[in-house]
Every structure is written in structure tokens, then in C-alpha cells.
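Please examine the structure shown below before reading on. The paragraphs that follow lead through it step by step, and each term is explained where it is needed.

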Protein chains: 2
Amino acid sequence: MSDIIILSHGDGGILTHSLVKDIFLKYFNSDYLNKLTDSVHLNFFNEGDRIVVSTDSFVVSPIFFPGGDIGKLAVCGTVNDLAVSGALPRFLTVGFILEEGLLLSELEEVVISMARTAQEAGVAIVAGDTKVVEKGHGDKIFINTTGIGTLLEGAALGYEAVKPGDKIVINGTLGDHGLTVLTQRQELGLGEGLRSDCAPLNGIIQKALKEISGIKIMRDPTRGGLATTLKEIADFSGLDFTIFEDQVPIKEEVRSTAEMLGLDPLYLANEGKFISIVESGQADDLVRLFREDPLGRESQIIGEVEEGSGKVYLKTFFGGTKYLHYLSGTPLPRIC
Amino acid sequence: MSDIIILSHGDGGILTHSLVKDIFLKYFNSDYLNKLTDSVHLNFFNEGDRIVVSTDSFVVSPIFFPGGDIGKLAVCGTVNDLAVSGALPRFLTVGFILEEGLLLSELEEVVISMARTAQEAGVAIVAGDTKVVEKGHGDKIFINTTGIGTLLEGAALGYEAVKPGDKIVINGTLGDHGLTVLTQRQELGLGEGLRSDCAPLNGIIQKALKEISGIKIMRDPTRGGLATTLKEIADFSGLDFTIFEDQVPIKEEVRSTAEMLGLDPLYLANEGKFISIVESGQADDLVRLFREDPLGRESQIIGEVEEGSGKVYLKTFFGGTKYLHYLSGTPLPRIC
């Protein structure tokens, strides 16, 4: 077997079969994948299960970065989208688009990372597909993951449940992932000590939904960051949100590096964070529960919901107020 | 709004929102998509439904070709993978990877084609994602579709059901799609009159499964063509297959153009064809039923199953016998 990806790996013939056997089946090792049929039957649903689905493509560059890689990200991203919707992630499909010339060793490292993360998150990789494009028509590895889960009993999350007086909670520091990836691409020597927060959040989220009542909605602030995600929720709920800048957890190295680059951590992508909007009376309990988990140590109540019309205000350190809008004007490409 | 895709269309901010609203929601028009949440609840399953899933990424070049485009292909490919597994295709997720500089008008044309094909196939597009990569790191449009369906009652297809004496049936001519795409990429002036067979097959397949008993397995011979797909089935069933070259339907213009290019139509991709292996006594009825459908007019019994060890023989026009192996050695990249 050659040590790089060549076009024949994608033609459906003998090299495609070797790739599937020697790399994908070796690590993914799922009973589902072994039959190599056109599709797969998922027999593990129970009667009454409500099915939830989510899809995401990943094009992050570089494919390896402190704290993660494109494989870990592709599993976490889709697992987290299901988890914040109140679902138990169960199954993942994986579609690879590989660039001719990719080192097989790099592909293998990504696949190992996906397998490890899937195991950590408790999801089975059940179906896959691989295509190869000519050198210069892709960029090493693009991955699509589509996740299928079942709605957790009693989890009735939705925009319509959000009410004035509710509190806005975050499970930790903001901007880590986006800034880590951006600084890895630059040759400025910036980003020392930065690390992506990429992690599967289904465990901490399930625990919260089981133990704390009054959680109205959860969302993961990935592309566009906290500000854009809050603005989306505000728009859909038709309420105003006020965020207190001095309550928003941001690592000192993220704050200072972002400032040097002219970036706002509130607009930088996160891959291990989620916003919870919760009834005021349960907010402290929720924060306490989050802090017991390694993925929630720096949880904070960062704001509150008010009557309004879909605006998001930031009360700044200096007592001023500014609006938070959708990310606009500063393209931050390929951070996920 | 600019008339080409720029990096900001993929950053999750305001331009991503416009793209979703002005193009995807406009044409896909699904109740599921309108909420723009992280994932979507599929409420249309009944108790006892068995869920089937399939994923495929599409990187065909060029993105428009006679008989189809990458959007139509992305819907048909996944719908057909579900259909040949005996499933009713129900839901599709769609992940786009767009190249900076792509004309929005081209994206729109692809989206319209996807919407039309999804409607024709009776599937709902329920979730989506868009990423943008820099010019020179992608190639116009890549699309992943993941399909979710429910197993048709009574459809118990599988390798283990295939038995010596069974007949092998194809629903029409071979090689049309692969050769159409390949000739479109060349400047040789070849390919006049060629047209992709790209079509959703779930209608004709459902009808067959409902009306004809004794269908053992179905597979769609896409990448790698008829020969590779038959070899896969033979390997998994542990039986030998004999194919009669004079029974295999191939259009005259496909045969002659493939010969000029040194290609074998049995190894060229199809996107509107499926192999059925059926009990001998039902084969004629199956062919008759297929021929009543526009997608099965040129159906043929092309071979039969024998005791053996996973070999596929071709009885040639001239009375000789040759083995059909997996596609190998001639890369035919990006035909799907």
C-alpha cells in the first residue's frame, strides 16, 4: 500500500477497499461497518424513541492543533449539536473528502482520534464514505459527520420556553478554540499556551438535564462565538439579553492575544462550551453542578433575560453598554 | 449581497445567515429547517419502524453535466443507497463545502436541482450546514448527503439469501453516467449524445419489492461499475456469478466511445441503475415489472448464481470466459 493518498483510493475499486479495511474498519471497529453495504440498519431504537438528527462538515486548517485535530472536532461538533438539543447522541456517519498526496499516516492519526473521541462520547460510527480529489482541489482532509440521537425523556428545550428573569449560564472560558486555530496559521509566534477547548459535552449536559429542572434552552457557541449565538436566541425568542462583561470567563492569554490581533473573544468559536438559559431560581444549582465536572470548572452566570425585541446588550467593564450583533466583516475562515 | 461566495459566507455570521435564508430556505422550504437550530427532531416515525441510514459525499467534476448536476446526484445517490437496502427514504441532511469565488447563481441552480429531485423522490431535507474554503482549496461545490429511511415491511434483503440458481437482473444500460462525466472533462469532442442516467430509484424499487417475492438483494453499481459491485456481492455471499456479455445492455454510443478511450463500460459508474438478484422463477416477472417503468425499459436478466467461492465470470460475445475483478489500476476520479 502506498504511503500517500492517490486518486485510485477514491475510485471504488481495490484501493478503496484496502483503505476501508486497513484504516477505517481497523479503528472504527463497528459491527455496523463490517458488512460494507450501501446503508446500515440501526436496530437499537426502542418504541417511542424520538429521533434527532444533526449534520456538520469540518474543514479546519491546520488539521492538527493544540488540544485537538479535525477528527476529534468532527466527532465533538456533531455530538455537541445533538446534546444541546436535549438528545442522547447514538450514531454517527462519517464522510471523508481526501486530497491526493495526503499522508496515510496523517489520515490514520485522524481516524484514531475520531475512534477515541467517539468511544469517549459513547457514540457508534455506523456508516462512512470516502472520496478523493486531485491535489490542489481540496486541503488534506474534509470531514462530514451526521449524528442521530434520541430525545432525552423530559428534555423539552426550545426558544418559546425562555422568559424574562431567566439567567444565562456558560460552562467555562470563551474563545479558546478559535484563537488557538487562528494563531496556529500565523507565523507571528503568537498563541503560546493556547489550547482548543474541543470536547464532547454530552456527559455534562445529560447530567444537568437529569438533575436540574428549569433549563429552557442550550446552544453551543461555535462559529460566530458567544455573541452571534446569543443574538440568534434573542431573535428567535423575541426577548432582550444583558451580558455582564466582568462575569464572562476568558483566559488571560486569550484576552491578551485576541487584543493584539484585534479580535473579540466573544466572536471567536468555541468547541467545548454551551450556553444554558435557566430559570432564575435554578441558576446557582446549575452552576454548582457544572463546576463538579472537569468541563464546567469555570462555569458562570453571565447574564439575564429581559422583556424586549431580540437585542443583546453587553454591560462593559467600564459601566458602558454596547449592542452585540451577528459576526460581520471579519472573516474567520476554517476554524471548524 | 455579493454575487460570488466569499469567505464570510462560511463564518457563521451575518452573511452565513443571508445565504441560508436567501438560498437554502427559499428552495428547500422545509418546516424542519426554518428554526435553524443545532439539530432537528424527526417526529414522523411510527412505533416499530426500523431506521436505516446511509451517507455519501459528492465531488463530481464538472458540477453540471448532461442529464444532471452535483445537486441532483447528491440526492439520488443517497436516496438510491437507501432504496436498494429495502428502505423507504424519508429524510436527508445536506452539508455543503463551497469554494471562495463560486458564483451564487451556480449554487442556486444546484440548490434548485436538489429541491426538485428531493420532491420527486419524496424525501424531506431536514438539516444543513455550509462551510467555505479559500480559492484553490476546494473545487466549486462538494456536497455530503446523509439519508434516513425506514425499512419496508417484508423487505429482508441480504447476502445470505442469495442461492445457486438465482438470476441477476439489471434495470437498464450500463456506463452512461461515468462516461458522460469523463467525456465532459476532456476537450476531445467525444461524448456527443451521452447523458447521465442519474435518477431516484426508490419508486421502481418499492414497486418491485411490493409485487415480486424472491428478491434476495439489490445493489446500485456506482463507483467501480457493475463488475466491482458484482464482485463485492460474490465475495460476501461466497458464490460464483456468471454474466453473459450479450445480455448486458449498453448503449451503442457508450460502447464505441468507451472503446476509443480504452475504458470498459462494466467498470464505469452508474447513477440510475441497480442489480437485483432474484429467485429464478420470479426473474421474468421482475423484468416485466421493471419494463413498465421509464427507469426500467431496458431491463435484462444478465446472469446467474452458481456454487463457488466468490468469483465473477463474464461469458464474452465470442464464447470465451474471463474473470471480473475489482476496479484497479485505472483511476476514474470524481465521477460522483
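Which strand of chain B does strand 1 of chain A pair with, and in which sense, parallel or antiparallel? Strand 1 of chain A pairs with strand 2 (residues 51-58) of chain B, in the antiparallel sense and over three bridges. Within this pairing, L42(A) stands opposite I51(B). Two strands are said to pair if DSSP finds at least two bridges between them. Strands (E, at least two residues) and helices (H or I, at least four residues) are DSSP runs, numbered from the N terminus.

Some conventions must be stated at this point. This is a predicted model, in which local features need pLDDT of at least 70 and side-chain atom pairs count only at pLDDT 80 or more, while totals for chains, interfaces and linings use all residues. Residues are numbered from 1 along each chain as its sequence is written, chains are lettered from A and ligands numbered from 1 in the order in which they are written, and side-chain values use heavy atoms, with hydrogens and water left out.

The interface of the two chains may now be considered as a whole. Chain A contributes 74 residues to the contact, and chain B contributes 74 residues; contact means heavy atoms within 4.5 Å. The size of an interface is often given as the accessible area lost when the parts come together. Between chain A and chain B the buried area is about 6000 Å², and carbon and sulfur atoms give 56% of this area. Buried area is the accessible area (1.4 Å probe) that two parts lose on being put together, summed over both.

Charged and polar groups also meet across this interface. There are six salt bridges between chain A and chain B, a salt bridge being a side-chain nitrogen of Lys or Arg within 4 Å of a carboxyl oxygen of Asp or Glu. R223(A) forms a salt bridge with D129(B), and their closest N and O atoms are 3.1 Å apart. A network of salt bridges links D56(A), R223(A), D129(B) and K131(B). In addition, 21 residue pairs are in polar contact across the interface, both residues being at pLDDT 80 or more. A polar contact is a pair of N or O atoms within 3.5 Å; within protein, one must be able to donate a hydrogen and the other to accept it, and residues adjacent in sequence count only if both atoms are side-chain atoms.

Several elements give two or more residues to the side of chain A that touches chain B, including helix 1 (14-28), strand 2 (51-58) and strand 6 (124-133) of chain A. Strand 6 of chain A gives the most, with eight residues.

S57(A), found in strand 2 of chain A, offers a view of a single residue. Is S57(A) buried or exposed? S57(A) counts as buried because its relative accessibility is 1%; buried means under 20% relative accessible area, exposed over 50%, and partly exposed in between (1.4 Å probe, protein chains only). The side chain of S57(A) makes a polar contact with the side chain of N144(A) (3.1 Å). Beyond its neighbours within four places in sequence, the residues in contact with S57(A) include I143(A), G95(B) and D129(B).

Within chain A, strand 5 is mostly covered, with 12 of its 13 residues buried. Strand 5 of chain A runs antiparallel to strand 7 of chain A, joined by 11 bridges, and F91(A) stands opposite I148(A) in strand 7. Strand 5 of chain A also pairs with strand 6 of chain A, in the parallel sense and over nine bridges. There, the bridge partner of G95(A) is D129(A) in strand 6 of chain A.

Salt bridges also occur within a chain, and the structure holds 32 over all chains. One of them joins K251(A) to D176(A), with the closest N and O atoms 2.6 Å apart. K251(A) lies in the loop between strand 10 (240-244) and helix 7 (252-261) of chain A and D176(A) lies in helix 4 (residues 176-185) of chain A, so the pair ties together parts that are 75 residues apart in sequence. K251(A) is partly exposed, at a relative accessible area of 31%, whereas D176(A) is buried, at 2%.
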